[in-house]
Amino acid sequence: MTDSPEQQRRHVVVRRLRTAIARLPHWWPLPVSVLIGTASGLSYSALAADRYEATSYAMAVAEAETDPSAALGYAQSYGRLTTSDATLSYAQGAAGEPMRELRSHVRSETSPDSPMIAVTGTSEDRHKAADFANAVIEAVIVSSGHVSKDTGVKLIKFTHAMTPDQPVSPSVPLGAAVGAAAGGLLGGLVLLVRPRRAGPRVSAQVPGQTAEGGGIAQDERELVR
């Protein structure tokens with residue numbers, strides 16, 4: 001059964017495309033991946049919404065009769081409780097966001113060397129970013145005050161989160177650089193895993209044979225005794 005003219009044209013296009021790809025140098029995926037990564041980074045930086053961050057800090061302080069080293073351990077514990085349901089349920093009223101939504105907009109950090117807790121709020125609205133951080137840090141401080149008589153350690157607010165002026169979203173040059181680096185890495189991996197092309201076959205002609213593949217030539221020299 002013969003192919004229709006349309007199918008024949010498709011076969012011709014596919015063969016030409018395969019031929020064109022075969023003629024490209026073996027390292028062609030690398031520049032193509034870099035270009036695609038750069039374009040992706042530029043698009044993300046240009047189209048992504050600005051994101052703002054604001055951070056508030058609290059410090060764990062030991063009471064008069066408590067070992068000062070205990071403050072460091074309690075700071076680590078309270079830092080892990082900042083994103084718990086109990087803390088976020090208390091903070092959601094001041095933050096103006098439901099607990100599930102608030103959890104995705106805050107994160108906490110602690111230091112192994114100092115009894116400090118940092119709560120960072122993130123939002124596309126710079127005012128909300130500060131409100132999230134302040135609401136959560138206040139909730140943690142209030143929670144620690146309820147058990148301070150038993151633990152001998154209380155939290156005090158160290159700094160208030162201020163409304164940020166500049167977004168923390170990546171700039172266009174930085175986005176392009178990150179995209180180009182990711183594309184270059186991907187292109188390098190493609191070069192490592194792709195099969196290598198087979199080199200041209202070289203047929204070696206055995207001395208003493210004719211061009212037609214016949215036997216040993218009649219004028220072969222005799223071995224010298």
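At 30% relative accessibility, R126 falls in the partly exposed class. In this predicted model, R126 meets D165 side chain to side chain in a salt bridge, with 3.9 Å from N to O. The two ends sit far apart along the chain: R126 belongs to helix α6, while D165 lies in the loop between β4 and α8 (172–193), 39 residues away. D165 counts as exposed, at 60% relative accessibility.

That contact is one of six salt bridges in the structure. Another pair brings together R51 and E53, whose closest N and O atoms are 3.0 Å apart. E53 also takes part in a salt bridge with R107, this one at 3.3 Å from N to O. Here, too, distant parts of the chain are linked, since R107 is in strand β2 (residues 106–110) and E53 in strand β1, 54 residues apart. With shared partners, R51, E53 and R107 end up in one network. How buried or exposed are the members of this trio? R51 is partly exposed at 33% relative accessible area, E53 is partly exposed at 24%, and R107 is partly exposed at 36%. As for the background to such contacts, side chains of opposite charge can pair when their charged atoms come close.

Stepping back to the overall layout, the chain holds eight helices and four strands. Read from the N terminus, the order of elements is α-α-β-α-α-α-β-β-α-α-β-α. Strand β1 has pairing partners in both β3 and β4. With β3, the pairing is antiparallel and spans eight bridges; within it, A54 has G121 of β3 as its bridge partner. With β4, β1 again runs antiparallel, joined by six bridges, and M59 stands opposite I156 of β4. Contacts reach well along the sequence: of those with a separation of 6 or more, 74% are between residues 24 or more positions apart.

Next comes the interior. Buried residues account for 25% of the 225 residues in the chain. The largest nonpolar core has 21 residues, and the members that touch the most others are A60, A91, L102, V106, I117, V136 and L155. At least two residues of this core come from each of β1 (52–62), α3 (70–81), α4 (85–95), β3 (116–123), α6 (126–146) and β4 (153–159). Which element gives the most? That is α6, with seven residues. For V136, contacts beyond the neighbours within four places in sequence take in T82, T87, L88, A91, L102, V106 and V119. Apart from this core lies another one, made of six residues, including A129, A130, A133 and A161. In soluble globular proteins, nonpolar side chains tend to be buried together.

Burial is not confined to nonpolar side chains, though, as S33 shows: this serine is buried, with a relative accessible area of 14%. S33 sits in helix α2 (residues 29–47). Leaving out residues up to four places away in sequence, S33 touches G183 and G187.

As for the outside, the accessible surface of the chain comes to about 15800 Å², and carbon and sulfur atoms supply 58% of it.

How values were computed
Residues numbered from 1 in each chain as written. Predicted model: local features only at pLDDT ≥ 70, side-chain atom pairs only at ≥ 80, totals over all residues. Heavy atoms only, no water. Core = buried A, V, L, I, M, F, W, Y, C linked by side-chain atoms within 4.5 Å. Buried < 20%, exposed > 50% of the residue type's maximum accessible area, 1.4 Å probe, protein only. Contact = heavy atoms within 4.5 Å. Areas by Shrake-Rupley, 256 points an atom, 1.4 Å probe, with all protein chains shown as cover. Pairing = 2+ DSSP bridges. Salt bridge = Lys/Arg side-chain N within 4 Å of Asp/Glu carboxyl O.
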